Structure formats: structure tokens, C-alpha cells
There are 2 protein chains.
Amino acid sequence: MPEQQLTRRDRYRRRTVAEIKEAAMAQVRSGGPEALSLAAVARTMAMSAPALYRYFAGRDELLAELAVDAHLALARTLEAAAAGATTPAARLRAVAVAYREWALAQPHAYRLACESPHGCVASAAQRSMNVLLDIVAEAGAPPDAVIPAPLRAQLHRWNDGAGRRGHPAGVRHFGLVWWSRLHGLISLELAQHTVGIGIDPGLLYRSEVETMVDSLRHGVTAGSSR
Amino acid sequence: MPEQQLTRRDRYRRRTVAEIKEAAMAQVRSGGPEALSLAAVARTMAMSAPALYRYFAGRDELLAELAVDAHLALARTLEAAAAGATTPAARLRAVAVAYREWALAQPHAYRLACESPHGCVASAAQRSMNVLLDIVAEAGAPPDAVIPAPLRAQLHRWNDGAGRRGHPAGVRHFGLVWWSRLHGLISLELAQHTVGIGIDPGLLYRSEVETMVDSLRHGVTAGSSR
DNA sequence: GTCGCTCTGTTAATGGTCGTAACTATGCAT
DNA sequence: ATGCATAGTTACGACCATTAACAGAGCGAC
């Protein structure tokens, strides 16, 4: 019933939507979310601008969908990187490097996904998160007890996707904190903050990743509660 | 020779510049850098839009200056927070809390300063950085030896402001990494990533800050060079 | 005090954007 | 064959940034 049962018009519509997104994403990649212009997209497609409103409610909705697509593309990249390594430590390094390389290859798309209000689609980011969570889970996380009680409860309540066994709070805590650390360095790098003072952001990143690998090895590095 | 020696016109000009920035910053605060409209600024000042070009080369330059101002305001806040605490650990907590509160109070201004291409003014961010560096220096940082050589060299070369004694590479490394960690969590919080999954970003932040306080106490937690 | 330059403001105009309205033609189901 | 939802069009209104051309006030030099 899928695909071939679609009417001619529906298949055509899908192609058009894909083409719009492609052109729009190209604009975002080269000039950031701000640079996305419906008029320009329409021009490259030899269409009139108002026609785009048959496919998207407006500029914001289009950006939101692009953000979701970006999240999924990032997640696929991380999954591939994780699959190519065997030990948890190697996987963590591979994923961290893949994360940075993806962000650097298309900085504006990364900003759209992770720093714009459009990118806050929890379900889209979840898939990347799961890659990290699985690594931490396999390596073994610290006991939940070291996490302050209120935070522990929230972590426990967090539902990380349909059909997945729940990870303990310690694992989730690590996953979140690590993501924030990777993101923090990359965010500063994209804003040129490190280059501005003559520091190679890649070296800084590697150093922070090794800190994470170490805490993965030693099993526990979470802070005391107070 | 300053202030009073200024001609009448010059003093007037300063007032006008300040008024423009004030109105512009108000717009940025309430709607982000994208929402800044020269036309709107001119309207609130009962001026014509082209008149603004006597004071700023264009929208981008105005945004850049606002970013510098934001950096300075943030730095002053951090300095005040640091001055209010006595021990390094207490100072670190106070500064971290002040940093987050400043960002949350005016999220768009924070984004302008730290995540937009306009905010990459190294000299402006330096003053906030120095607050962190001084705390680390007082607490005592790990020996430089644990830092990979190339990164160490770059850290050593980094000039953190006129008239300041140079901090060792270990101190600078800590300062940079900590800033990136604080920024990472706040960036995700501002993009609603943590709230989307039911985690209170404040709890996560406090937990990460405590991790930093611990490593400050133990003196050393830098990653091995590998 | 007056001349002339610079600074600060104006209006007018160009070219760009998003989004809506009104209208036309085509695909497709009945 | 008829009729309706779809997908496109042009025309329009309301913004916006920026430039050009022009007018008056401040202020220093003579």
C-alpha cells in the first residue's frame, strides 16, 4: 500500500517538497537560517514565491522541517561512526570526531539544529542522544546514588524513545553532560571565539574528549551533590 | 581634557549614539538579533531611518557594537559576583550562577554575544575570561606537563590582555574548558533542548558546576595526552 | 561678524523581503 | 462529462535596508 499506491499527484508533490527543501537547505548551508529567502528558493525552482505556500505554512515552518532533517542527518552520521568502532572508548572518540566534523562541514545547519529555537524538536535530537547513551551504557556508568535526588528523578522519568529499554539515571546523566560539553566547544569554535585568541579548537576538543574517555575508563567522575 | 573639553556637538552625538544603542538593544533583548530593525529604532526615536547611518555604517555594525556592549555588561556582572565571595570554590560557584542568570535574564543578548558571528570580538570576551582565569590561578592549576605539547604552546602564546601577568598554560586550559562547559549547558538550555525532555536545566547546571568545583579542590583532573 | 566647511538631519527612490487575495488551469474521482 | 480539490499564476500591501540628493545648524578661521 505504500509508494506505488500513491496517486500521480501525490508522488509529484513529494518530489516538489523534496526539491524545495533541497534548495532551501542549500541556502541555509551557505548563509545560515537568516539567509533563507522563500523568494530565492522559488527563483531557483523557476516558480513563483506564493506557490511555496501550498507546501509550507511559511518561512518558519520550512526552517523547522529543515532543522528536523538536519538532526536526522547528524544522527545517521553518528550511528555510522559508532558502528565502525569496537570498544566503548574507541566508539566515544569516533562519535565525538564525527560530531565535530559534521558540524564544521555545515556550520549553519548545525546552528539551525542545535542553537535556533526551531531546532528544539526533542524527538529529532533523541536519536543522536541515543548513540551517546548506548556507549555510556556499555562502558558502565556510575551508580545513580551520586546524582542529586531531584535530578535523578527527572532523569529516571525521561523517556528516551519508543521501544527502548530505559537506561539508568547515571547513564543518562553522563550522556547529557557529554553532549553539552561537545556542543559547548563546537559552539564556541563556530563563533570563532577560540581562533580569535590563537587556540586551535581541534586540539582543545581532542583534549576534552580524552577527559571524557578517562572518566569512561574509571567508571565514575560525577560530582558530589553539594 | 576629557568630557568637558568636548564640543557641544560631540556631547550631543554621544547622547544620540547611546540612545540608538539603547533602543536597538531593547529590540534585540525582546526578539533576538534578527528582530533588530533600523526602521523601528528610528521610529521609537522620532527620527528618520537614514539618519542612523550618520552613526553606524549599517545594521551589521550596530549589531557588532551591541555584542561588544553585551560582553562588557556580562563581564561586569561576573566581576561583581567574584568579588562577593572569598574562597576560590565559592567564587567559582558564584560566578557560574551569575553567568547563567545573566544569560537567562536576556537570552537573546547572550546569543548575540556568544553565538553570533558578531560576538567573536576576542578582546570583549577576554574580560569575562579573566574572571575565570583568576579563580583557577588562585586555586592552583595542574602542571602544564599534562597538556599535549602543541596545545600547551598555543596556550602559552595566548596574550590575555594588556598589563596582566601571564597565567601558566594549565590555568588557561582550565579556564577555556570551563567556559565551554558552562556555555554548552546554557546554550542547550536556551534552545529548549533540556526542557523538551523534562529535565530542569538548572539542576544539570549545578551538577556540572560541582564537578568543576571538585576538580578545583583536587587540583588536577586534566585528561591524559594519549 | 561673516564665510565656508562639516555634521546632522530630511525626503525621495531603489530593490529586496514575507505573506495574502483573487483568479486560472489541471488532475482526478464520481 | 461534470465538478471539486490541487497547484500554479499575477497583483497587491506592508515592511525592510540602503543610497542619493538636498537643507539647515554648529563652529572654526579670517
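How many of the eight residues of helix H5 in chain B are buried? Keep that question in mind as you open the viewer, and remember that what you see is a predicted model.

**Stop 1: a covered helix**

Select residues 107-114 of chain B, which form helix H5. This helix is mostly covered, with seven of its eight residues buried. Click through them one by one: B:His108, B:Ala109, B:Tyr110, B:Arg111, B:Leu112, B:Ala113 and B:Cys114. Now show what they pack against: in chain B, the partners of these buried residues are helix H1 (8-31), helix H3 (59-83), helix H4 (88-105) and H8.

**Stop 2: an exposed arginine**

Next, select B:Arg165, in the loop that links helix H7 (149-157) to helix H8 (169-190) of chain B. Is B:Arg165 buried or exposed? It is exposed, because just 6 other C-beta atoms lie within 10 Å, and a residue counts as exposed at 12 or fewer. For a sense of distance, add B:Glu208 to the selection: it is 43 residues away along the chain, and the two C-alpha atoms are separated by 29 Å.

**Stop 3: where the chains meet**

Colour chains A and B differently and look at their contact. Chain A brings 43 residues to it and chain B brings 44 residues. On the chain A side, the elements giving two or more residues are helix H6 (122-139), helix H7 (149-157), helix H8 (169-190) and helix H9 (201-218). Which of them gives the most? That is H8 of chain A, with nine residues. Sorted by class, this side of chain A has 20 nonpolar, 15 polar and eight charged residues.

**Stop 4: the symmetry**

Two copies of a chain are related by a rotation about an axis and a shift along it. Here, chain A is superposed on chain B by a rotation of 180° with 0.0 Å of shift along the axis, at an RMSD of 0.1 Å. The two copies are therefore related as by a two-fold rotation axis. To find the axis, select A:Gly184: its C-alpha is the nearest to the axis in chain A, at 1.7 Å. The copies meet through the same surface, because 100% of the interface residues of chain A are also interface residues in chain B.

**Stop 5: around the DNA**

Finally, select DNA strand C. It is surrounded by 21 residues, and the closest are A:Arg8, A:Ala39, A:Pro50, B:Ser48 and B:Ala51. Helices H1 (8-31), H2 (38-44) and H3 (59-83) of chain A, together with H1 of chain B, each give two or more residues to this surface. Coloured by class, the surface near strand C shows nine nonpolar, five polar and seven charged residues.

Notes
Residues numbered from 1 in each chain as written. Chains lettered and ligands numbered in written order. Predicted model: local features only at pLDDT ≥ 70, side-chain atom pairs only at ≥ 80, totals over all residues. Contact = placed C-beta atoms within 7 Å. Helix = DSSP H or I, 4+ residues; strand = E, 2+ residues; numbered from the N terminus. Nonpolar A, V, L, I, M, F, W, Y, C, P; charged D, E, K, R; others polar. Buried ≥ 20, exposed ≤ 12 C-beta atoms within 10 Å, placed from the backbone. Near = placed C-beta within 6 Å. Least-squares fit on C-alpha atoms with pLDDT ≥ 70 in both.
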